[in-house]
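Me: I am new to this structure and would love a close look at one part of it. Could you walk me through the sheet and what surrounds it?

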Amino acid sequence: MFSSPYSPQTHIVPVIHTWRDMYERITAENPFVKYIQFFENKGQAMGCSNPHPHGQVWALDYVPCEPATEMQNMNEFAANPNHSDAPGPRDALGRPNLLLAYAHMELTTSGRPRVVSVNEDFVALVPFWATWPFEILLLPHRRFIPSIQDLSHSEIHTFATILGEITCRYDNLFQTSFPYSMGLHQRPVLSASDQESESALLHIHFYPPLLRSATVRKFLVGFEMMAEPQRDITAERAAALLCACSTTHYLSK
């Protein structure tokens with residue numbers, strides 16, 4: 001969806017507006033919906049059978065496991081008095097946020113060894129717990145943004161810019177149309193009595209399978225599947241390789 005020499009402002013901003021429009025339409029017409037999941041599987045390596053750029057949206061009557069687990073951890077962090085002085089912006093209830101505190105930590109670490117791209121509103125980094133070789137976590141860092149609906153006009157444009165930078169760096173890394181699974185996590189659809197989702201923060205995960213070249217990929221099998229993931233490359237090394245990639249697409253040169 002984002003991988004090309006095209007302009008983020010011309011080609012990615014409309015995608016973000018489409019996400020927002022779909023969110024509004026789905027929630028307005030389907031009161032049973034509790035969670036909306038936007039995602040994209042790009043490339044045959046990630047099981048994508050349609051070669052043209054496209055994504056998917058699933059509307060669910062429950063909060064699925066991955067975002068629910070994240071939300072539980074964020075709630076526990078916010079409620080822990082030991083974290084009252086945690087850095088970073090506060091949520092709508094004035095509490096610290098786990099992911100915003102983490103973004104602050106990465107941005108204030110000397111040399112920013114895991115940061116790939118950053119602008120005035122968002123940061124893209126290789127998290128220290130990354131399983132996939134060039135995994136990226138995209139976060140806001142300036143203020144608490146619960147969902148795609150809460151982006152300001154200027155944040156839509158900075159969001160599009162950093163999405164374009166990430167996918168351009170991916171393609172330039174091995175000069176190929178870089179495969180990945182990308183998913184947007186955000187606040188569940190709120191009900192009048194729902195307070196548990198107040199800690200949820202808009203963020204995006206990129207899980208790309210390529211390891212050493214356009215033809216060498218990582219497989220999660222054996223010990224990694226049955227016990228725990230093994231990291232083939234450090235988060236710092238992966239970030240350094242991505243940072244070294246241009247934000248001008250190789251097909252444009």
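**The sheet and its surroundings**

Reply: Happy to! In this predicted model, seven strands form an open sheet with antiparallel pairing, and reading across it the order is β2-β1-β6-β7-β5-β4-β3. The two ends of that row are the edge strands, β2 (56–60) and β3 (115–118), each of which has a pairing partner on one side only. If you ignore direction, neighbouring strands here are turned by 20 degrees against each other on average.

For a closer view of one pairing, find β4 (residues 122–125) and β5 (residues 136–140). These two strands pair in the antiparallel sense over 4 bridges. Within this stretch, V123 stands opposite L139 in β5.

Now let us add the helices. Packed on the sheet is α4, which touches β3, β4, β5 and β7, and its direction makes about 105 degrees with that of β5. Another helix, α2 (residues 13–29), lies across β1 (35–42), β2 and β6 (180–185), and α2 runs at about 140 degrees to β1.

Some of these elements meet again around an open space. The second largest pocket has a volume of about 280 Å³. The elements giving two or more residues to its lining are α3 (65–79), α4 (98–108) and β7 (203–207). The largest share, 5 residues, comes from α3. In total 14 residues line this pocket, and those nearest its centre are E70, N73, L99, W129 and H205. By character, the lining divides into 7 nonpolar, 5 polar and 2 charged residues.

Finally, have a look at two loops that lead into strands of the sheet. Most residues other than glycine have a negative phi. Against that background, R112 stands out: its phi is positive, about 45 degrees, although R112 is not a glycine. You will find R112 in the loop between α4 and β3. Is R112 buried, partly exposed or exposed? With a relative accessible area of 37%, R112 is partly exposed.

The other loop sits between α5 (153–174) and β6, and it holds Q175. Q175 is not a glycine either, yet has a positive phi of about 50 degrees. Its relative accessibility is 55%, so Q175 counts as exposed, the cut-off for that being over 50%.

To trace all this yourself, you could start at the edge strand β2, follow the strand order across to β3, and then look for α4 packed on the sheet.

Notes: Residues numbered from 1 in each chain as written. Predicted model: local features only at pLDDT ≥ 70, side-chain atom pairs only at ≥ 80, totals over all residues. Heavy atoms only, no water. 1 Å grid on protein atoms, 1.4 Å probe; cavity = no way out; pocket = protein on both sides within 12 Å on 5 of 7 lines; lining within 4 Å. Points joined across faces, edges and corners; volume = space filled by probe spheres on them. Nonpolar A, V, L, I, M, F, W, Y, C, P; charged D, E, K, R; others polar. Pairing = 2+ DSSP bridges. Axes fitted to C-alpha atoms, helices over the stretch in contact; angles between N-to-C directions. Contact = heavy atoms within 4.5 Å. Buried < 20%, exposed > 50% of the residue type's maximum accessible area, 1.4 Å probe, protein only.
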